[in-house]
Amino acid sequence: MTADHYFSAEPAAPEVRSEIEFNVAGRDYRLTVASGVFSAGRLDPGTAVLLRKGGLPTADVTGTFLDLGCGYGPIACVLATEAPSAVVHAVDVNARARDLTALNAEALGLAGRVRVAGPDEVPADVTFDQIWSNPPTHVGKAELRALMERWLPRLAPVGVAWLVINRHLGGDSLHAWLVERGWHVDRVASQKGFRVLRVTS
């Protein structure tokens with residue numbers, strides 16, 4: 001990889017936009033993607049596994065959700081669509097990703113409930129009923145754990161986090177580490193080399 005990663009704050013690569021299509025829970029989605037953003041060519045396989053195997057909210061679920069490392073917004077858009085009474089904070093360090101998430105949310109009529117922000121822009125007093133994340137494993141183990149240490153404590157007391165981690169990129173070690181840190185972790189699925197973890201306090 002070059003120095004211009006998908007987790008760069010300001011991607012240097014020229015922005016070339018295109019569209020991808022995918023289906024989740026019987027609904028079709030068409031989202032705008034761009035170079036310099038994670039998995040711009042397709043719905044990431046890990047994200048697909050998470051959305052298929054995680055406990056997606058139903059229409060009667062309310063609350064405040066977090067899509068951590070939102071990319072161009074597939075998870076945030078699915079959550080806001082499935083739970084029309086919920087608010088979803090979509091957080092990413094990548095400015096281009098945030099712009100795309102806002103664009104996609106608006107195109108789907110979700111702009112009022114998908115709140116796009118950089119990590120330092122989320123109000124400190126906001127807690128989350130659900131956290132969803134396909135976190136950036138390529139940042140390295142220390143950075144990944146720091147990310148978990150920063151955001152998991154913001155779960156509401158009865159909140160739940162849904163994480164998907166590539167087994168070959170630290171999925172099992174992250175599971176063990178979270179347990180050591182006092183979290184209750186269930187591996188709810190293992191598919192195509194990915195672990196789907198359900199994390200509660």
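A disulfide is taken here as a pair of cysteine sulfur atoms within 2.5 Å. The model is predicted, with local features needing pLDDT of at least 70 and side-chain atom pairs counting only at pLDDT 80 or more, while totals for chains, interfaces and linings use all residues. Residues are numbered from 1 along each chain as its sequence is written, and side-chain values use heavy atoms, with hydrogens and water left out.

**Exercise 1. Determine how many disulfides the model has, and describe the surroundings of C70 and C77**.

Step 1. Applying the cut-off gives a count of zero disulfides. For C70, the nearest cysteine sulfur belongs to C77 and is 9.1 Å away.

Step 2. C70 is buried, with a relative accessible area of 4%, where buried means under 20% relative accessible area, exposed over 50% and partly exposed in between (1.4 Å probe, protein chains only). C77 is likewise buried, at 0%.

Step 3. Helix α2 (residues 74-82) has eight of its nine residues buried, so the helix is largely enclosed by the rest of the structure; C77 is one of these buried residues, as are P74 and E82. Helices (H or I, at least four residues) and strands (E, at least two) are DSSP runs, numbered from the N terminus.

**Exercise 2. Work out the strand order of the seven-stranded sheet and identify its edges**.

Step 1. Two strands pair if DSSP finds at least two bridges between them. The sheet is open, with mixed pairing and the order β5-β4-β3-β6-β7-β9-β8.

Step 2. The edges are β5 (114-117) and β8 (184-191), each of which pairs on one side only.

Step 3. Within the sheet, β3 (residues 62-68) and β6 (residues 128-133) run parallel and are joined by four bridges, and L66 has I131 as its bridge partner in β6.

**Exercise 3. Locate the nonpolar cores and state which element gives the largest share of the largest one**.

Step 1. A nonpolar core is a set of buried Ala, Val, Leu, Ile, Met, Phe, Trp, Tyr and Cys residues joined through side-chain atoms within 4.5 Å. The largest has 39 residues, and those with the most contacts inside it are F22, L50, Y72, V114 and V196.

Step 2. Helix α2 supplies the largest share of this core, six residues.

Step 3. With contact meaning heavy atoms within 4.5 Å, and leaving aside neighbours within four places in sequence, L50 touches residues including I75, W132, W162 and V196.

Step 4. A second, separate core of 23 residues includes L66, L144, W183 and V199.
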